[in-house]
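Grab a pencil and keep the viewer open. Try each task yourself before you read its solution.

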Amino acid sequence: MNKGDKLFILGLDCLAPELVFGESAKDLKNISGILDKSIYGELKSTCPPITVPAWMSMFTGRDPGELGFYGFKDRRSFGYGDSYLLNSAAVKEPVLWEYFAQKGMKSVVIGVPQTYPPKPFGGVLVCSFLTPDTDLEYTHPPYIKEEINRITGGKYMIDVDNFRTQDKDALLDQIYSMTENRFKVISDFIGSKDWNLFIAVEMGVDRIHHGFWGKDGQNDRIKGYYRYIDEQIGKLLEKLDDRTGLMIVSDHGARSNRGTFNINNWLIENGYLVLRGRPAEQGRLDPNTVDWKKTRAWAEGGYYGKIFLNVKGREPVGKIKKKEIAKFKERLACELETAGAGEAELKNRCFFPEQIYRRVNGIPPDIIVYSRDLSFRVSGCTGGGLFVKGAADLSDSANHSEHGVYIDYLPGRTSGNGYKEGLSIYDVVPTVLERFKMEAGSGFRGRVIP
Ligand SMILES: [Zn+2]
């Protein structure tokens, strides 16, 4: 066998490039030790930069429009309030480990979001934090679950209980315990399973960011955890032989949560969304309280905003004519992009699915909205004002940022590759397929990273 004919991909959800590549990385001995033998850089995430769809875009090489899903929750139909949680059934495009299986090569896949319920592919699959309950079968083959229990003494966690808890000490304990046990399983499976491709995604980085990011992520708890992850990477490197490459990737980065733009209140103030009465208190938009005959648009929130139009012949009580959609969207986006909210400069940015994706399958939002470069959350709540300054909820102080991490380390590679600009989450699949001399097929959005 040749050098580089096995590959370990370590996914660290939300790993932030500024905490890995910059000055603050000097404490991370193992990561900084491989950087000069790696190709590395910031990895541009999907729009939106959210765990679902980002990981599946990374491992299929397809954009959210091609995949036909756009977030954790999508609309199932054009009915009002008819949304559902995505799972592996939504993934119709081949994933990286299925290309390997087609060539008779084995894979171990642990913790990749949106793999539950498990789809057998001839390798080992352990589903992610999106498994509804660990009492369910979250592995394939099913006996793997027993092996995991044996390796971890029954302490394996697919996720922490609640990363938005105010009990920070308990959260920190859980994050460390989750990560420790994940790496125990990883370490065991590296030796005990047959594989050419090993993918493991750890959620702890995302959880510690949301729980402890604060002003800029530069604090003892986050730095301490990054050092802990770095130690795990050191142990991993000891386990991998010199024909095995190591990629470290993240699906997006993190940034401080500096405020919340209440987008439905803005739509109400500007006459796009009409309620039957004033909401008594602040809360989620209830479709039953909307006067749909008079409403042209409404929104859902999160780390970004999703605007839906009320279209004649599409929604049950539509108002905008289909031929007017394009003009309407332009006008609404223009108003949103120049909107302020009191003293807050929102600097909203709007994206249209038909312009940013190569195809538009499923039911996308009509407009995607980033507020202040994602440093403001967008809330779909009604009641209250247009804008709340600061992290409205101190139990979660991080938002997502558009760039994650890419590190591609190959033992024996001579230096001189180094930092690269312009890397994209869509480049991962074509790059790996090229390395394993598999036909990259046609029509990937990304390119092979040289
Ligand atoms: Zn994520």
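Below are five short exercises, each followed by a worked solution.

This is a predicted model, where local features need pLDDT of at least 70, side-chain atom pairs count only at pLDDT 80 or more, and totals for chains, interfaces and linings use all residues. Residues are numbered from 1 along each chain as its sequence is written.

**Exercise 1. Domains**

Work out how the chain is divided into domains, and describe the side of domain 1 that touches domain 2.

Solution.
- Start with the bounds, which come from an automatic or database domain assignment: domain 1 covers 6–255 + 400–435, and domain 2 covers 259–389.
- Next, the spacing: the C-alpha centres of domain 1 and domain 2 are 32 Å apart.
- Now count contacts (C-beta atoms, placed from the backbone, within 7 Å): 20 residues of domain 1 meet 22 residues of domain 2.
- On the domain 1 side, helix 3 (64–67), strand 3 (73–75) and strand 22 (398–401) each give two or more residues. Helices (H or I, at least four residues) and strands (E, at least two) are DSSP runs, numbered from the N terminus.
- Helix 3 gives the most to that side, with three residues.

**Exercise 2. The four-stranded sheet**

Find the strand order of the open sheet made of four strands, then pick out its edges.

Solution.
- The order is 13-14-18-17, with antiparallel pairing; two strands pair if DSSP finds at least two bridges between them.
- Strand 13 (297–300) and strand 17 (349–351) are the edges, as each pairs on one side only.
- On average, neighbouring strands here are turned by 25 degrees against each other, direction ignored. The axes behind such angles are lines fitted to C-alpha atoms, for helices over the stretch in contact, and angles run from 0 to 180 degrees between N-to-C directions.
- Zoom in on strand 13 and strand 14 (residues 305–309): they're antiparallel and share four bridges. Glu-300 sits opposite Lys-306 of strand 14.

**Exercise 3. The three-stranded sheet**

Which order do the strands of the three-stranded open sheet have, and what is the bridge partner of Gly-259?

Solution.
- The order reads 19-11-21, and the pairing is mixed.
- The edges are strand 19 (376–379) and strand 21 (387–389), each pairing on one side only.
- The average turn between neighbouring strands of this sheet, direction ignored, is 20 degrees.
- Strand 11 (residues 259–262) and strand 21 run antiparallel and are joined by three bridges. Within strand 21, Lys-389 is the bridge partner of Gly-259.

**Exercise 4. The nonpolar core**

Which residues of the largest nonpolar core touch the most other members?

Solution.
- First, the term: a nonpolar core is a set of buried Ala, Val, Leu, Ile, Met, Phe, Trp, Tyr and Cys residues joined through C-beta atoms within 7 Å.
- The largest one has 123 residues, and Ile-199, Val-249, Leu-267 and Val-369 touch the most other members.
- Helix 6 (residues 168–192) gives the most to this core, with seven residues.
- Domain 1 and domain 2 each supply at least three residues.
- Leaving out residues up to four places away in sequence, Leu-267 touches Tyr-272, Leu-273, Ala-297, Trp-298 and Ala-299.

**Exercise 5. Phe-328**

Why does Phe-328 count as partly exposed?

Solution.
- Locate Phe-328 in helix 10 (residues 325–337).
- Recall the cut-offs: buried means 20 or more other C-beta atoms within 10 Å, exposed means 12 or fewer, and partly exposed lies in between, with C-beta atoms placed from the backbone.
- Phe-328 is partly exposed because 19 other C-beta atoms lie within 10 Å.
- Not counting residues up to four places away in sequence, Phe-328 touches Leu-309 and Ile-320.

How values were computed
Two residues are in contact if their C-beta atoms, placed from the backbone, lie within 7 Å.
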